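Visitor: Could you put the model on the screen and walk me through it? I'm new to this, so let's take it one question at a time.

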Amino acid sequence: MSRIMKYAIGIDLGGTSLRVALVSEEGEIVRKIKKSSAEEVFPSLLETIEEVKHGDIIGIGLGVAGIVDRGKGRVFSSPNLHAVEGIDLVAGIQRKFNVPVYIENDANVATLGEKLCGAGKNFQNFVLLTLGTGIGGGVIYKGELLDVSAELGHMSINADAEKCPCGNIGCLENYASARAMIAKAVAMLEKGTESMLKECCKGSIYKITPEDIYNAALEGDTLSREILREAGRALGVGLANLINIFSPEAIILAGGLAGAWSIYVQEAIKEASRRAFKDLFDAVKIIPSSLRDEAGVVGAASLVFMEIAKSNPPRS
Ligand SMILES: [Zn+2]
């Protein structure tokens with residue numbers, strides 16, 4: 001008799017986008033929707049779950065940018081997504097869909113996704129960084145997700161600098177995130193620096209995206225190349241710190257900015273090689289995520305499968 005496949009909904013709620021997917025217990029995505037997380041986050045979340053849901057599901061897993069209170073099913077603090085702070089996310093979703101709902105930090109669920117069926121499958125110790133609007137992180141130690149906040153993007157790499165939305169000063173994400181790159185591009189263009197970026201977005205420099213910067217850099221635009229190199233050097237400082245602290249087998253880079261590998265990430269690897277302990281640097285593989293922007297939804301759904309397996313251990 002063939003076994004009946006189980007399905008769960010995985011949600012990845014980040015600073016810019018909301019992704020919701022129906023995922024099988026083997027980690028396969030059956031259907032998915034991506035929207036902006038800019039406005040009316042919670043009603044839009046419920047509506048999107050309704051659109052993706054198809055047939056019976058055994059639960060819903062939610063990965064959210066910020067520090068998560070799993071017990072209360074809420075987000076304490078989310079520097080890039082203030083709209084979700086203090087909302088009873090888990091209780092609200094549970095009330096509407098009447099299935100178990102689990103919550104976790106978004107980078108932690110992406111890490112779980114890569115461990116279960118992505119680039120981290122064969123590593124027992126690795127660090128994952130999500131490089132997007134902000135920078136998040138997760139750590140797999142001895143094969144398990146390390147149960148810590150892992151706000152790796154908020155390690156300070158400059159003691160005397162500008163303030164980060166989290167309250168700290170000189171955080172990695174102030175220098176190496178998409179938000180940082182865009183802020184730098186806008187500031188330089190406002191000063192009158194010549195660049196191809198002036199021509200993009202129908203002349204509205206406030207709509208520049210990291211893709212615009214990367215594409216202009218590939219075409220040889222000096223300002224764009226400099227922005228990516230500078231952000232890459234900052235990322236390299238962060239990588240060196242992570243290598244020295246965790247001595248991981250791998251660092252997996254996920255999120256939209258990991259696509260800018262040839263300039264941004266290469267620069268980061270070069271910088272990390274200058275700073276980290278040589279033996280530790282030589283032992284680490286710095287690689288891209290294989291699930292890419294699907295790591296979050298797959299990992300969030302796997303929270304459900306893991307929790308349900310824990311409460312129904314197989315009979316021996
Ligand atoms: Zn910070």
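Visitor: Let's start with the open sheet of five strands: in what order do the strands come?
Guide: Keep in mind that this is a predicted model. The pairing in this open sheet is mixed. Reading across the five strands, the order is β10-β9-β8-β11-β12.

Visitor: And which are the edge strands?
Guide: Look for strands that pair on one side only. That description fits β10 and β12, where β12 covers residues 285–288. So to speak, the ends of the row are your answer: β10 and β12.

Visitor: How do β8 and β9 run, parallel or antiparallel?
Guide: Strand β8 spans residues 126–131, and six bridges join it to β9. One facing pair to find is Leu131 with Ile135 of β9. The direction of the two strands is antiparallel.

Visitor: Which residue in the loop between β9 and β10 has a positive phi?
Guide: That loop lies between residues 135–141 of β9 and 144–145 of β10. Look there for a residue that has a phi of about 50° although it is not a glycine. With a relative accessible area of 60%, it is exposed, because the cut-off for exposed is over 50%. The residue is Lys142.

Visitor: Is Ser247 buried, partly exposed or exposed?
Guide: You'll find Ser247 in the loop between α7 (222–246) and β11 (250–254). Ser247 also has a positive phi, near 35°, without being a glycine. Its relative accessible area is 43%, and values from 20% to 50% fall in the middle class, so Ser247 is partly exposed.

Visitor: Now strand β4: how many of its five residues are buried?
Guide: Check both faces of β4, residues 60–64. On one side, Ile60, Leu62 and Val64 are buried, and on the other, Gly61 and Gly63 are buried too. The strand is therefore largely enclosed by the rest of the structure, and the count is five of the five.

Visitor: Which strand do five bridges join to β4, with Ile9 opposite Ile60?
Guide: β4 pairs in the parallel sense with β7 (residues 101–105), where Val64 stands opposite Asn105. Ile9, though, faces Ile60 of β4. Residues 7–13 make up the parallel partner in question, and that strand is β1.

Visitor: What is the geometry of the zinc ion's site?
Guide: Four atoms hold the zinc ion at 2.0 to 2.3 Å: ND1 of His154 and the SG atoms of Cys164, Cys166 and Cys171. Along the chain, these donors follow the spacing H-x9-C-x1-C-x4-C. Ideal angles for four tetrahedral donors are 109.5 degrees. Here the angles among the four donor atoms are 103 to 116°, and the site is tetrahedral.

Visitor: Are Cys164 and Cys171 buried or exposed?
Guide: The cut-off for buried is under 20% relative accessible area. Cys164 comes in at 4%, and Cys171 at 0%. Both values fall under the cut-off, so the two cysteines count as buried.

Visitor: Last one, about the protein chain as a whole: what is its radius of gyration?
Guide: The protein chain has 10 helices and 12 strands. For 316 residues the globule rule gives 20 Å, and the chain's own value is close to that, so the chain is as compact as a globular protein of that length. Of those residues, 50% count as buried. The radius of gyration you asked for is 20 Å.

Key:
Residues are numbered from 1 along each chain as its sequence is written. This is a predicted model: local features need pLDDT of at least 70, side-chain atom pairs count only at pLDDT 80 or more; totals for chains, interfaces and linings use all residues. Side-chain values use heavy atoms; hydrogens and water are left out. Donors are N, O and S atoms within 2.8 Å of the metal (3.2 Å for Na, K and Ca); water is not among the atoms, so sites may look incomplete. Four donors count as tetrahedral if all angles lie between 85 and 135 degrees; four count as square planar and six as octahedral if opposite donors are over 155 degrees apart and all others between 65 and 115; anything else is irregular. Buried means under 20% relative accessible area, exposed over 50%, partly exposed in between (1.4 Å probe, protein chains only). Helices (H or I, at least four residues) and strands (E, at least two) are DSSP runs, numbered from the N terminus. The radius of gyration is taken over C-alpha atoms; the globule rule is 2.2 Å times the number of residues to the power 0.38. Two strands pair if DSSP finds at least two bridges between them.
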